[in-house]
Amino acid sequence: MQVFPCPFCGPRNETEFHFAAEAGKVRPDTTQQIGDADWATYLHAQRNEKGTVREVWMHMTCAELFILERDSVTMDVLGSTALRKDAT
Amino acid sequence: MSGLRLESGGQIDRKRWLSFTFDGKAYSGFAGDTLASALLANGVRIVGRSFKYHRPRGVWSSWVDDPNAIMTVRLGDRELPNVSAATTLLEDGMELRAVNAWPNARYDVKGGLDLFHRFLGAGFYYKTFIWPDWHLFEPAIRKMAGLGPVNADVYDDYVSDQLNASCDTLVVGGGPAGLVAARTAAERGEAVWLVEDHASLGGSAAMLGHIDGTDHAAWVQAQEQAIEVADGRILKQTTAYGIYDHAMVGLLEKRGFAQPPRRYRLRAGRIIMATGALDRPITFGNNDLPGIMSLQGAADFMARYGVLPARKMIVMANNAAADQACAVLDQAGADLRHFAPSKTMSGFGSRGVEGVSIDGYKRTANAVLVSGGLTPLVHLWRHAGGKLDWCETRQAFLPGYGPKNMQAIGAANGTFEVDKAIAEGTAAGKGLSFERPSTSYTLTPLWPQPGSKGRQWIDFQHDVTLKDVEVAARENYVSVEHLKRYTTLGMAADQGKTANMAGLAAMATIQGRPIPEVGTTTFRPPFVPVPIEAFHGHHGKQLWHPVKRLPLEAEHRVMNGALREYGGWLRPGWYGNDDAELHIQAEALLARQTVALFDGSSLGKIAVMGPDAEAFVNFVYYNTIKTLKPGEMRYGLMLTERGIVKDDGVIARLGPDHFLISCSSSHTDSVRTHLEAWRQDGNDPDRIFIHDETQSWATLTVTGPRARDVVASLGLPLDIGAAALPHMTFQETQWNDHPLRIARVSFTGDLSFEISVPARQAPALWAVLHPSIKDHGGGLLGIEALSILRAEKGYIMIGKDTDGETMPHDLGFTVPRAKKTAAYLGDRSLHTAVANAPGRKQLVGLKVADGGAMIPTGAHIVLPGKSSSQGYVTSSYDSPYLGHPIALAIVTDGARRHGEAVEAWHDNRRLPVTICAPCVFDPTGEKLHA
C-alpha cells in the first residue's frame, strides 16, 4: 500500500485518497462551439505517461484537492502541492 | 525408512509429551516438535499423496520448502485444511489427516491413477476434455482436484488481529547474519524489528558447533539478549510473507492452532533480508519415493528436533555446503554412505525408497539424502522490485541491483560461510554498503538431463516430471511463464521452492540456452500460504461499513420500526414486526387517505455559500438555478460531465449567497466530493464554501390530505395556507426557541410539509407531531411505503429508475438542454450524436390488464412474441390506493409510445402490459398544490 503526502494532513495510506484527474486539464468554454472530437478528448483522453506524472488527487478525509507528482513506474512519490493558488 | 528420535540433541522439550493421531493411528511427540518432525520420529513414512497421480509422498524437508506433508488438522472443535506439517508446531490432542488421500495416505484408493500416468501428462486435461464441451467434465474434475476440503463449520471467534506498525529497521530472518544485523542496528539506537519464521532464533546456527569460539546455543542466546537490551523487538513464528508498494511489509504471526494468526502491516525505514537459502533436489528416476529427502532438511531435523530419518542412509551431494550437514548427521550416529550423483541413477522401492541403483549397482539404504546446491531465498527482494544476477560459481540467482533501503545478507545473499555472513550482518546493521565477498563454496553443476529414462520428478506436489517439461517445450510453451501454467510446475502450495530451479534449468538445457537467459517466473507474495482470515480480520459487517443513524432511532424502535440499511442509513422500512407487506400496503393507503408522518432526516443537506455560490450552483445543476428567489425551492438534476444523471433533489435559496442542496440520502457523500472537486478545481475556493450539514438537522415530513391540520398543531407563528406557503416555497421561523424550517415540497404527490429542526430538537418535534398524526386518523410511513407513493406519482429514484446511460431528456426534462445558455456540467455531452440518437431508453409507466399480476422488477420489455429487449422494468409495486399494480420502466423511445401494447418477459413468462405515462396519481397536480 502506497503512502501519499496530503499537503494539509501529512503522509497517509493511499486508501484515504481518490484520484481526480490528470493535472493541467482545462474545461473547454462550453458556451462556445466545441467539436465532437475536442469534447471527446477532454472527456476521455488521458496522457497516462510512463515515468513522472502530475495528477490531481483528493484526500477524502479533509476533502482538499492537491497535485501529486509521482513516478508511475517505480511508484515513488516526488512531491505534493496544494491546488489553491495562494498556498504554493 | 524408519525415522527415529535420539536420546539427546535438538531444541525440543523431552519432558513434555504430546499425543496426536495421524490418519486415526495414535502417536506421540515432544513440545517443540513440528508435525513433520513428530511424524518422522514415529517412523511414519507416507504422509500424503501427490496432486495428480496420487503417488505416495514422504516428508521432503524441514521447512517452508516441504511440498509433501500437508495435513487437515483437527484440535478440539476446530478443523483447518492444508496445514503445512513442516512449519506447524505440534499440540497435544491434534488429529492429523493426510490430504488428497482416501481412506488414508497409506492405502489411497485413487493410487491406481498412477497406472495411467502415460496418458495424464502435461496438457492432458486441456487436450482430452475439449470435446464436446469442457463444462460436461468440469464438475467431476473439480471434485478430483484440490487438496484438503474446507470444513463447513464457521468459527465466529476465529478473527485475525490486524495491526499497523512502523520501525526504522526490519531484519527478516533470525539466523547468524540476521541476529548480528539486528543487534548492531539496535545498539546504534534504531528501532529494530527482527522477525523469525521458526519458534526459536538461530537459523543455521543449530548446525554449527561453535560461532566466534562460543557454543552455538549460547551465542544465539547472547545475541537475543543484546537485541532485547537495546530495545529491539523480536517476533518469533512470524513470517514476512510479502513486500508491497512503498516498503509495506506483510507479517504473519502464528499464535498456536487455537488462535488465528495475527497480521501486521509494517512500514520499515529499511529492510535487511537475511532469509537464508534452501537445498535443491536432484532430478533422477523415481526421485519422489518417500524416504528421499533434502540433505539440509535432514540435518535440520536432527539439529532442531533430534530426529534422524533413518540410521542407514545414502548421501548424494554436489556441493561444499553438504559437509556441514553431513557432520551433524555423523555426530548423531548416522551411518552415511556417500555416492556421487550420476546421470543414470534411479531410486527403487515399493512403498518408499529401499535404495538407489547407481551405474548398475543396487545400493540399499533406509533413506536417501540428496543435495543439489543451495538456492538463496530472494522472494522478498523480487517483491520489492530488486533484480537478480546469475552466479556461475554458485549456480544460483543472487540479489542484484537492489530496491532503495533494502540489503541482502548471509545465505540469502549467496554468502554461505558463517563468518562472512556475520561480517555482512555487521555492515548492514551499521547501514553501510558492502561488496559481496568471494566464496569458498563450490559445486558441480547438476541439472535435469532431458531425454533420460524413467520418471523424474520436478514438482513433487503437482506431479510435474521432466517429461512434462519436454512436452511443454515440444509444444512451444518455452517461456517459463507458459511452462508454469501449462504444466502447473511451481503452482503447488510451496510455490515451486523445490521445483522452479530444476524446471527452468531443464527448459534451458532443452533449448540449449543458458539458465539466466531463460529466467525465472515472477515472484509474487505471499512467500508462504497465508489463511484468508488473516486478511479479513474484523473487517466485516458494522466495522466494515458503519451505518449512519437517525436522531429519532429510539422513537422508531418504540414504534416497532423495522430498521434496515437503506443507502448507508439505518432507517425504518415499515412499522410492525410480522407480515411486512401487510404493513407497507396499509401505511401507503393511510397516507393517501388521511395523513402520515415520515422521517426524512437522512436526506442530504449540503449548504453552498459565498459570493460565487449562485454561479456555482447554476453550473453544477442541469436546471437554471440563478433565477431562483430567496424563499423558493426548485427541483433539479445533477449531471456528470458525460451528461449522465448523477443525482436529483431540491435546491432551496436561503439568501442571496446561501443555497441548500437536498440530495438523495445515499448520494450525499458522493455529491459533496463532486461539489468539492469543482469548487477547488476550476473555481476560487475562497469565494465558495460547501458545508455538509446533513447530520445537524432532523427532518420530519407530514404528508397527506390532512397534512395542514397536523402541522397546525405545532402552532407556528406563520400562515401555512396554500396562498402564503405555496408548493416549492419554504419559510424559516423559531419553534421552542430553536430555528425551524418548513418547506412545501412533496415526494408523495400529496400535500406535504417538510419540517426541519436542529437534530437535538427532533424528539420534541416528534412528541408533538406523532400524537397529532394519530388524532387526525393517520399513521407512520416507512421508506418502503413511501417508495410506492412516489412511484404512483412517477417520481424517480436515481440509480434505480435510471442507469449509466440516462440523460435528463430521457426522463422528460428537456427545457434546459434546449434553452439554458450558461455553461453547466455535462452540457456539451447532451448534444453529441449519441445524445441525439433515436432509440434512447426513456422513462415510462406500465399498465397491466384488469386483475393482472405485479410485473417483476428487472423484467425485459419486448414486442409481443419477440425476444429482443426494448428496455426493462425499474420499479414495480402493488398500489393499494389505485387498487392495481403499477410499474416504471425505461424503454426504447418510450416517451412517444404511450398506449402501445408490449410484453414484460421474465423467467420465460410473458405478461401483457401497456406503456403509459409515468405519473398515474393526480396527474393535474391538484392534490400537490392543495
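What follows is a walk through the two chains of this predicted model, from the smaller-scale features of chain A to the domains, cores and sheet of chain B.

Chain A makes an easy starting point. Its secondary structure comes down to 1 helix and 6 strands, laid out along the sequence as β-β-β-α-β-β-β. Taken along the principal axes, the C-alpha atoms fill a box of roughly 45 × 30 × 20 Å. Of the 88 residues in chain A, 16% are buried. As for how the chain folds back on itself, 48% of the contacts with a separation of 6 or more link residues 24 or more positions apart.

Chain A meets chain B through 20 of its own residues, which are in contact with 18 residues of chain B. On the chain B side, helix 19 (residues 668-680) supplies the largest share, with 4 residues. That side of chain B is a mixed bag chemically: 7 of its residues are charged, 6 polar and 5 nonpolar.

Chain B itself splits into six pieces. Three of these are built from two stretches of sequence each: domain 1 (4-107 + 281-371), domain 2 (162-278 + 375-429) and domain 4 (551-603 + 696-789). The others are domain 3 (447-518), domain 5 (606-692) and domain 6 (838-916). Between domain 2 and domain 3 of chain B, the C-alpha centres are 30 Å apart.

Now for the interior. Nonpolar side chains tend to be buried together in soluble globular proteins. Here the largest nonpolar core counts 154 residues, and those touching the most other members are B:Leu39, B:Met71, B:Ala85, B:Ala181, B:Met273 and B:Val368. Leaving aside residues up to four places away in sequence, B:Met71 touches B:Leu35, B:Val83, B:Ala85, B:Leu96, B:Arg97, B:Ala98 and B:Val99. There is also a second, separate core of 96 residues, with B:Ala652, B:Leu769, B:Leu789 and B:Tyr795 among its members.

Two helices of chain B deserve a look for their burial. In helix 6 (residues 295-305), 11 of the 11 residues are buried, so this helix is largely enclosed by the rest of the structure. The buried set takes in charged side chains too, including B:Asp300 and B:Arg304. Right after helix 6 of chain B comes B:Gly306, with a positive phi of about 65 degrees. In helix 11 (residues 480-487) of chain B, the buried residues are B:Val480, B:Leu483, B:Lys484, B:Tyr486 and B:Thr487. These pack against strand 31 (464-465), helix 10 (466-474), helix 12 (500-511) and helix 13 (515-518) of chain B. B:Thr488 follows helix 11 of chain B, and its phi is positive as well, near 65 degrees.

Finally, chain B holds an open sheet of 6 strands with mixed pairing, in the order 42-43-44-41-35-45. Strand 42 (730-735) and strand 45 (779-780) of chain B sit at the edges with a single partner strand each, so one side of each has no neighbour in the sheet. Strand 45 of chain B runs parallel to strand 35 (residues 596-599) of chain B, and 2 bridges join the pair. Within that pairing, B:Ala596 stands opposite B:Gly779. Helix 21 (residues 762-775) of chain B packs on the sheet, touching strand 35, strand 41 (697-703), strand 44 (752-758) and strand 45 of chain B. The direction of helix 21 makes about 10 degrees with that of strand 41 of chain B.

How values were computed: Residues numbered from 1 in each chain as written. Chains lettered and ligands numbered in written order. Predicted model: local features only at pLDDT ≥ 70, side-chain atom pairs only at ≥ 80, totals over all residues. Pairing = 2+ DSSP bridges. Contact = placed C-beta atoms within 7 Å. Axes fitted to C-alpha atoms, helices over the stretch in contact; angles between N-to-C directions. Domains from an automatic or database assignment. Buried ≥ 20, exposed ≤ 12 C-beta atoms within 10 Å, placed from the backbone. Core = buried A, V, L, I, M, F, W, Y, C linked by C-beta atoms within 7 Å.
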